[in-house]
Amino acid sequence: MIRKYDVDNNKEIADSKFMQIAIDLARKGQGKVSPNPMVGAVIVKNNEVIGQGYHHAFGEDHAEIDAIKNAKQDVRGTTMYVTLEPCCFYGKTPPCANRLIEEQIKRVVIGTVDPDPRVNQKGIQILKSHGIEVDFSPLESECQALIEAYTHHRKYGIPFTTLKFAQTLDGQIATSEGHSQWISSPSARKLAHQLRKENDAVMVGTGTAAQDNPQLNLRFVTGENPKRIVLDADLRLPLDLHIFQASDIEKTIIVTTARAPQKKLEQLQQIGVQVIQTQLNQTGQIDLLQLWYQLGAVGITSLLVEGGSALITSTLKYQLANRLVVAVAPLILGKGIPAIGDLNIPKIDLAIKLDNLTHQILENDVIIQGDLIYLSPIKHAPSCIVANSKGQKDIG
């Protein structure tokens, strides 16, 4: 179907209108394209959309090619709006920049530069060298937000990490006996599932897996289940847990160490569980910094950490979390399991702070969200995890 848009012959209005369509298309690839980014593309002729497409899944056509294949008219002399700079190297698919040249596209409006060093303005240079007009969209910040995790992963090699948990007014995530279901409201739990949908993987520690027996899948929203990552340094978790009974068992990843018994290791591999072995840190716990790099190496660009307290604390302590989402319920327990343990912060002015802070009310819960800023950097942390959120968003 060809649709004509009234944009009053205003170039900026037109560029914003058609790029917004491309952005909406890009989001259709959520949960399916990683470690590639979500990308959308629209082909326009005389203010009519004659073709549109998006990157449907990893390994499939890129958005530009999908839009060309879906075009209802000859694309020669048209304008293409694409949320990300066209690629210029051979990967799982041929370079999109070459295809745009072959198809004689006249003008390309780009949402943002691709931070991948194999591209990073090279695609733009190739298009310009072949006489194609290249402009940037007024919606550049919206297009950068689409690829936030991809950008972080490409620059630093580790997943963009969100911490999510529900707590009482007095900061407890469970009673002193470990009971936590349910602190948050159904609406807040639906939000948690939406966050799972938006991330490549969801992670919990050994204690949470054993105590809560979570499924770590999507139930309140539709979409692709994330990978399920569970830390288990000694492989103590029983095989009757939900994570080991899932129909998509290949999405279950157990992180263990050299302390793991060989027999249990073989049992997990036989039922289809992925196993990642990592090192121990000086305290005898799983070395999270090394693990984050291992996860990045296998293509996990975004990670949701859901608990428990020890994992939340360590992720903050080692400055691996980029964003925080907390559901605060109007409950008071007094004694219980605190959401966050000791971070060894001696002064208030060295406290971890939140930038780009937002809040909303879901039923009786207050949802607080913000980007984490660490004011007391640790020496072994990569620069990405001590930079403030504004610095991260300005990348590429």
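**Reading strand 2 and the core around it**

Me: Val 42 stands opposite Tyr 81 in strand 4; over how many bridges do strand 2 and strand 4 pair?

Reply: Strands (E, at least two residues) and helices (H or I, at least four) are DSSP runs numbered from the N terminus, and two strands pair if DSSP finds at least two bridges between them. Here strand 2 and strand 4 (residues 79-82) are antiparallel, with four bridges. The model is predicted, so local features need pLDDT of at least 70 and side-chain atom pairs pLDDT 80 or more, while totals for chains, interfaces and linings use all residues. Residues are numbered from 1 along each chain as its sequence is written, and side-chain values use heavy atoms, without hydrogens or water.

Me: Which residue stands opposite Gly 40 in strand 3?

Reply: That residue is Tyr 54, and strand 3 (residues 48-54) runs antiparallel to strand 2, joined by six bridges. In their hairpin, with two residues between the strands, Asn 46 has a positive phi near 55 degrees.

Me: Why is strand 2 largely enclosed by the rest of the structure?

Reply: Buried means under 20% relative accessible area, exposed over 50%, and partly exposed in between (1.4 Å probe, protein chains only). Strand 2 (residues 40-45) is largely enclosed because five of its six residues are buried.

Me: Which residues touch the most other members of the largest nonpolar core?

Reply: A nonpolar core joins buried Ala, Val, Leu, Ile, Met, Phe, Trp, Tyr and Cys residues through side-chain atoms within 4.5 Å. Of the 47 residues in the largest one, these are Met 19, Val 42, Tyr 81 and Val 108, and helix 1 gives the most to this core, with eight residues.
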